[in-house]
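Hello,

Here is the structure that I promised to hand over, and below it you will find what turned up when I went through it. Please read the notes with the structure open beside you.

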Amino acid sequence: PLHKYRAQFVKFTINVFTPILIFASIVNIEFDGFNWLFPVIAGLLVTIIGIITPKLIAKYTKQEKPSSAELCTSAFSNGLNFPFPIIFAFSPDALGIASIFLATSIIMRNSVGLVISGVGVSRGKIKEIFTFPPIISIIVAIILNPFMDLGDISSGPVYYIFQIGIIATLM
């Protein structure tokens with residue numbers, strides 16, 4: 001009978017459990033330049049490579065230019081949060097870095113992606129980016145990072161809250 005509520009579980013996991021885990025992960029990162037810059041630069045590079053590669057392939061194989069849908073598909077992943085449970089299971093410390101990459105990618109998809117697709121960036125879309133609960137938790141965690149340390153998050157309440165969310169999502 002729980003499968004009837006799967007959509008609600010997924011929404012609750014994305015809007016509540018994931019932000020809690022992301023927040024707890026980011027406040028434990030030591031921002032020493034590389035930890036901060038690497039996921040941002042990686043997110044930008046993935047987008048740039050994803051836009052340039054199909055254009056180069058089309059040019060050198062003498063095919064028509066890729067459509068905006070093809071460019072968006074190659075440059076912007078729609079399942080960025082899917083690997084979070086795996087990252088958390090094998091390396092909880094890496095989740096903060098993955099969260100920063102996620103934020104960069106979401107911002108790129110919802111700005112550059114909208115321009116590529118011809119939709120354009122509006123105030124509503126920018127508001128949507130910055131009111132997405134995982135993005136809010138990333139921003140707040142980065143701001144509070146110098147003042148907080150939650151210790152090991154691979155056990156304790158944050159760990160169990162996230163596990164409940166994963167189990168609920170899989171039902």
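In the protein chain of this predicted model, confidence, given as pLDDT (the predictor's own score for each residue, from 0 to 100), is highest in helix 2, residues 34-60, at a mean of 86, and lowest in helix 9, residues 157-170, at a mean of 61; helices here are DSSP runs of H or I with at least four residues, numbered from the N terminus. Over the chain the mean pLDDT is 77, and 76% of the residues reach 70 or more. Where pLDDT is low, the predicted coordinates should not be read in detail.

Residues are numbered from 1 along each chain as its sequence is written. Local features need pLDDT of at least 70 and side-chain atom pairs 80 or more, while totals for chains, interfaces and linings use all residues, and side-chain values use heavy atoms, without hydrogens and water.

The largest nonpolar core (buried Ala, Val, Leu, Ile, Met, Phe, Trp, Tyr and Cys residues joined through side-chain atoms within 4.5 Å, where buried means under 20% relative accessible area, exposed over 50% and partly exposed in between, with a 1.4 Å probe and protein chains only) has twelve residues, among them Phe23, Ile106 and Ile138. Helix 1 (6-26), helix 5 (95-109) and helix 8 each give two or more residues to this core, and helix 5 gives the most, with four. A second, separate core has five residues, including Ile51, Cys72, Ala75 and Met108.

Leu144 lies in helix 8 and is partly exposed, with a relative accessible area of 31%.

Best wishes
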